[in-house]
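Here are my notes on the voids and on one sheet. Please read them with the structure open.

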Amino acid sequence: MKRVALIDLGSNSVRFVISEITESGSYRLIYQQKESIRLSEGMWTHQMLTKSAMERAIKTLKALSHMAKAMGVTEIQGIATAAVRLASNGNSFIRRVYAETGIPLRPISGEEEAYLGFLGVVNTIGLDDFIVFDLGGASIEISLIENRQLKKSVSLPMGALVMTGQFQSNHEFTKAEYTSMISHIQDVLHRETWLRNVKLPLIGIGGTARNIAKMDQREKNYPIPKLHNYKVKKATMEALFQRVKETPWEERKKISGLSSERADIIVAGMAIIMELMEYTKASSMIVSGCGLREGLFFQYYGSHYSGEMYGLPCLQKNGVVDDIVTHSTLNVLRSFTPHDVDHSLYIAKLSKLIYKQWKELMPEGERLKLLLKVASLLHDLGKQINYYSHARHSAYMIINSNLYGLSHREQLLSAFIASYSHGANSKFIKQSPYLSLLKEGDRELIQKLSFPLALAEALEETHERTVRSIQSYITDKQIDMRVEVQELSHIPMMEMAIEKLKKQCKKEFKRELVIHWNVR
């Protein structure tokens, strides 16, 4: 087992994460810390890090170095972004950091910063073509992704902290100052002609993007406390921006969802994003909770654990995951129930086969097949909490796990499919705090998709992987299933489990379920 610590020293904040990698190759975040240090504050007059900013950074990094030792970290990597690479005393600061804290920081270029942000997004957001931006305190990295490949990127020297310091003379922008800042932002963006009117989804990384999502979620009483893959429409963004601009600085700190430490730089940050949206003609922004640090982890993980030797879908050495939904689902499964992986894989195989053979009775779609796969692999997660009520616990864990490539609604559907297969009824769904995210017809979809999983579990009741083949024949009144098993002794347990499903089959599909056994 390894524990790897990653440090991202930005212009505004320092972020510190510790990830644990097991012998099976599964990984999970076990600790994270974020501190606002304003490293770039006051540096732009002479292009030098100030003494007070460096002292704040050193103090914080000493504490993080101690934390790494206390948590048993076996390897530590640190990177520094725009403030350090642009400062004339950046290299001497890095040497001082190593001397006083033992942390090996390295300054990265704007191009590498953009690539790491790309890795963090492409491995966690299920899109093939998009524009991604990473807005920090001193710079913004913008990249064009086509067919999940980084085609072009640029690092522009304007961030929330820099724009505020450069154009705002007091706690509030004057009308002239704001107009001057917007003009500057437009001038910088419009030099990048490859971004004009691309009309691609816009993915946002960074504190400003996250705060926009938080404010929107608080206004809407959004039931899932998750920012990653949350979509904010342009009209909503414009309304939020207007509210933020019109609220005095001291009152702005009280806006629900807006971090008080970001209240003084949020106007500049949102202005940059709004101008980028207008220039690219994006209709919305999708927030990515994963960015540079996750990209740095995937880069590390790919160089040490690429391929399929750990049972995960192929991870390339450059850190790009080929199938992010399956990869993240199996990673969650291995993290929680390493001894049940073979059982879960077998259940997923059986439920897929039943779904295929019952195709004429099932809701169709490649995404629905994927949701059934996720539910099948993770249906037993809740047993980690309580066996007797594991249906509802499985649902909660699936909703709140780091499953990537799924929308919030899709993750919710997978959770309900898993819980419904274990006997959770419609009352459980009706009483769920997440009910508002479901669409019309979703409950019927959940009930039907849960049946192949429930039947697969019944056929694997003994956990002996005894089913050799299945053939289904569907008529107007009946579903005949011919099931071939290895041992006669396995049948009684399976029959008892299947008997409990026959009433549900009749209700959902208006047909009798009849099983014909064959032993070979």
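1. The second largest cavity has a lining of five nonpolar, two polar and three charged residues. This is a predicted model. The space inside that cavity is about 40 Å³. Its lining consists of Glu113, Ala114, Gly117, Phe118, Val132, Phe133, Asp134, Glu141, Ser143 and Ile205. Which element gives the largest share of that lining? Helix α4 does, with four residues. Strands β6 and β7 (140–146), like α4 (110–122), each supply at least two.

2. Two cavities of 30 Å³ or more turn up in a search of the whole structure. The largest holds about 360 Å³. Its lining runs to 31 residues, and Asp8, Asp134, Leu135, Gly136 and Gly206 lie nearest the centre. Two or more lining residues come from each of β2, β6 (130–135), α7 and α11. By class, the count is eight nonpolar, 13 polar and 10 charged. Note Asp134: it lines the second largest cavity and is also among the residues nearest the centre of the largest cavity.

3. Now the open sites. The largest pocket has a volume of about 1,400 Å³. It is lined by 46 residues; nearest its centre are Leu29, Gly289, Glu294, Asn402 and Tyr404. Strand β3 gives the most, six residues. Other elements supplying at least two include β2 (13–21), α7 (207–220), α11 (292–305) and α16 (408–421). The lining divides into 17 nonpolar, 19 polar and 10 charged residues.

4. The second largest pocket has a volume of about 860 Å³. It has 31 lining residues, with Ser421, His422, Gly423, Lys500 and Leu501 closest to its centre. The elements giving two or more are α15, α16, α18 (442–459), α19 (491–499) and α20 (502–509). Its lining splits into 11 nonpolar, 11 polar and nine charged residues.

5. Next, the sheet. Six strands form an open sheet in the order β8-β7-β6-β9-β11-β10, with mixed pairing. Why do β8 and β10 each have one side without a neighbour in the sheet? Strands β8 (149–156) and β10 (230–233) stand at the edges and have a single partner strand each, so one side of each is left free of a neighbour. Neighbouring strands are turned by 25° against each other on average, direction ignored.

6. At the β10 edge, four bridges join β10 to β11 (residues 284–287), and the two run antiparallel. Valine 232 stands opposite methionine 285 in β11. Helix α8 (residues 234–246) packs on the sheet and touches both β10 and β11. The direction of α8 makes about 75° with that of β10.

Terms used. Residues numbered from 1 in each chain as written. Predicted model: local features only at pLDDT ≥ 70, side-chain atom pairs only at ≥ 80, totals over all residues. Heavy atoms only, no water. 1 Å grid on protein atoms, 1.4 Å probe; cavity = no way out; pocket = protein on both sides within 12 Å on 5 of 7 lines; lining within 4 Å. Points joined across faces, edges and corners; volume = space filled by probe spheres on them. Nonpolar A, V, L, I, M, F, W, Y, C, P; charged D, E, K, R; others polar. Pairing = 2+ DSSP bridges. Axes fitted to C-alpha atoms, helices over the stretch in contact; angles between N-to-C directions. Contact = heavy atoms within 4.5 Å.
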